[in-house]
Amino acid sequence: MKEDKLRNKQVQFFYSGATLDIKSRIVYLKKLKECIKNYEPQITEALRLDLGKGSFEAFSSEIGLVLHELSMHIRNLRKWAKPQRAKTPVHAFPSRSFIYKQPLGRVLIISPFNYPFLLAVGPLIGAVSAGNVAVVKPSELTPHTSIVIKDIIEKVFKPEYVEVVQGGVDVSRQLLDERWDKIFFTGSSRVGKIVMEAATRNLTPVVLELGGKNPVVVDNDANLEVAARRIMWGKLLNAGQSCVAPDYLYVHKDVSKIFLQFMKESITRFWGEPKTNKDFTGIVNGATVQRLAKLMKDVHLFHGGNFDAVRKYVSPTLLTDVSNDSSIMKEEIFGPILPVLEFEDFYEVIETVNKREKPLAAYYFSENKEKQKYFLQHTFSGDAMINDVVLHFTNNSLPFGGVGNSGIGKYHGKGSFDIFSHERSVMKTSTLIDLPLRYPPYKEKMFRLLHFLFR
Ligand code: NAD
């Protein structure tokens, strides 16, 4: 559908009130869930074609999380959408106060390549659950998944309700030129700035789910074997192309040797020969393989370091003797390469971490409760984990998102419903009693009463 025509139809549909009924929203969410279940083989195959993703990760980190999110919205929407009672001050007697959750209107969702199904459909669940109409623009880098998303959406929604618009940067720019009631963008911080600039033209509110360099600090009292396993799992999930993946690691000098050994063993135990392992995800394209290969130049390889642009492969890689000024420490890696640096002083390493932009996630491994507390208080990131990585993303009872350079706004579960809703404050009052307090001519006695009430 042409943009203007689509816009008019969606606006008309929204103002018809068709999305206001909660029961009907639940029906749509259920339909979407059923349809996704039926499409599981097609989604899995598309993810294999686009990213070389195996079926376990396709389900555990994309389809399954979307189904889980849908179930939560279906179960809780009635409760979330109910107007909440608020207190009313005495001077407003006999009013009653409420907070209503209203849909925003027409929203735009732009998604990235790395979890192309999850990050397009995940936000859409919140948009629909909150009663909006939406346009979804999936990534052009994962065309097979984008086609399946379009198929699913067309089966469940009319285009005036939800439409999928395919295309690359040009299409994205055209969409950004339109007027929206909210833009929900997931992608790089670089493009996030472009999105925000476009949004300012119409004072459109934005949610920016961005990336960054997520630090992991492993202390000398950590459970090293478990830490190594968990970190290598989180780093190599989706071949490191996760916004919450550990980006660089600081390990205490006293335990670095053994810890590196544990990490190396975990890689071999998990992946055997990753190049031929169909469960090890590929890199999105040859150009990205070249970018990653460049980052491995002139650094000390502890493990891995292989790449093949034709087969879109980069091997799990550990780098040591990394300097803070090397190019790998200057940009988000977004691949299966982990630079490992050493530290001696816990408080100094926190200062070093804090010199960088605020990341999306920060991770600390230690058994010391005091130091855990210190880490949580003195580092700043979208979210954080103690003694684990990545898993917090899958807990939809926790709002997820960045801070500063890693983003604006939180979603998942109720957070998704809230971020696509407007909280409208409402007071309802009666005309039976009409206290004279507020009306002129103002009287001294009333003035004193006012001082008392507003004390
Ligand atoms: P990207 O920013 O290159 O692209 C994301 C989307 O923006 C795509 O749909 C693309 O078509 C569009 N786009 C690209 N350039 C544009 C431009 N100049 N103008 C308008 N639109 C444009 O991101 P990517 O490479 O697909 O994804 C990787 C990035 O996303 C990483 O930085 C990662 O950390 C981040 N990410 C963040 C989250 C999160 O939840 N915070 C999740 C996944 C990925």
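Where in the chain is the place of Pro441? This point is taken up under the peptide geometry below, after the overall architecture.

1. Overall architecture. The model is a predicted one. Its secondary structure amounts to 15 helices and 18 strands. Measured out along the principal axes, the C-alpha trace spans about 80 × 55 × 40 Å. Of the 455 residues in the protein, 53% are buried.

2. Cis peptide bonds. Pro441 is placed in the loop between strand E18 (421–428) and helix H15 (444–453). The bond that leads into this residue from Pro440 is cis, with omega near 0 degrees. A cis peptide bond also joins Phe93 and Pro94, where omega is about 10 degrees. Pro94 belongs to the loop between strand E1 (84–86) and strand E2 (96–103). As background, most peptide bonds are trans, and most residues other than glycine have a negative phi.

3. Positive phi angles. Ala239 is not a glycine, yet its phi is positive, at about 55 degrees. This residue sits in the loop between helix H9 (224–236) and strand E9 (248–252). Ala239 counts as buried, with a relative accessibility of 0%. Asp321 likewise has a positive phi, near 55 degrees, in a residue other than glycine. Asp321 is part of the loop between strand E13 (317–320) and strand E14 (337–343). Its relative accessibility is 67%, so Asp321 counts as exposed.

4. Aromatic pairs and the Phe184 cluster. The structure contains 20 aromatic pairs. In one of them, the ring centres of Phe184 and Tyr411 are 4.8 Å apart and the planes stand at 70 degrees; the pair is edge-to-face because an angle over 60 degrees falls in that class. Phe184 is in strand E6 (residues 182–186), while Tyr411 is in the loop between strand E17 (407–408) and helix H14 (414–419), so the contact ties together parts that are 227 residues apart in sequence. Phe184 is buried, at 0% relative accessibility, and Tyr411 is buried as well, at 3%. Both rings belong to a cluster that ring pairs build from Phe184, Phe393, Phe400, Tyr411 and Phe420.

5. The Tyr347–Tyr374 pair. Which geometry does the aromatic pair of Tyr347 and Tyr374 have? The pair is edge-to-face, with 4.9 Å from centre to centre and 90 degrees between the planes. Tyr347 lies in helix H12 (residues 346–354) and Tyr374 in helix H13 (residues 369–378), so that the pair links distant parts of the chain, 27 residues apart. Tyr347 is partly exposed, with a relative accessible area of 42%. Tyr374 is also partly exposed, at 27% relative accessibility.

6. The faces of helix H12. The buried residues Phe346, Val349, Ile350 and Val353 are found in H12. Viewed down the axis of H12, its buried residues fall within an arc of 105 degrees, so they line one face of the helix. Glu348 and Glu351 are exposed, and they are carried on the face of H12 turned away from its buried side.

7. Lysines over rings. Phe346 has Lys371 over its face, at 5.2 Å from the ring centre. A second such arrangement involves Lys428, which lies over the face of Phe98 at 4.8 Å from the ring centre.

8. The largest pocket. About 1,300 Å³ of space lies in the largest pocket. Its lining consists of 45 residues, and those nearest its centre are Gly187, Ser188, Ser189, Arg190 and Val191. Helix H7 (169–177), E6, helix H8 (189–200) and helix H11 (286–295) each contribute at least two residues to this lining. H8 gives the most, with five residues. By class, the lining has 16 nonpolar, 14 polar and 15 charged residues.

9. The second largest pocket. The second largest pocket holds about 380 Å³ of space. Of the 23 residues lining this pocket, Gly52, Lys53, Lys278, Phe280 and Gly282 are the closest to its centre. Helix H3 (residues 40–51) supplies the largest share of the lining, six residues. The lining of this pocket has six nonpolar, eight polar and nine charged residues.

Notes
Residues numbered from 1 in each chain as written. Predicted model: local features only at pLDDT ≥ 70, side-chain atom pairs only at ≥ 80, totals over all residues. Heavy atoms only, no water. Phe/Tyr/Trp six-rings, centres within 6.5 Å; stacked < 30°, edge-to-face > 60°. Helix = DSSP H or I, 4+ residues; strand = E, 2+ residues; numbered from the N terminus. Buried < 20%, exposed > 50% of the residue type's maximum accessible area, 1.4 Å probe, protein only. Lys NZ or Arg CZ within 6 Å of the ring centre and 35° of its normal. 1 Å grid on protein atoms, 1.4 Å probe; cavity = no way out; pocket = protein on both sides within 12 Å on 5 of 7 lines; lining within 4 Å. Points joined across faces, edges and corners; volume = space filled by probe spheres on them. Nonpolar A, V, L, I, M, F, W, Y, C, P; charged D, E, K, R; others polar. Arc of directions from axis to C-beta.
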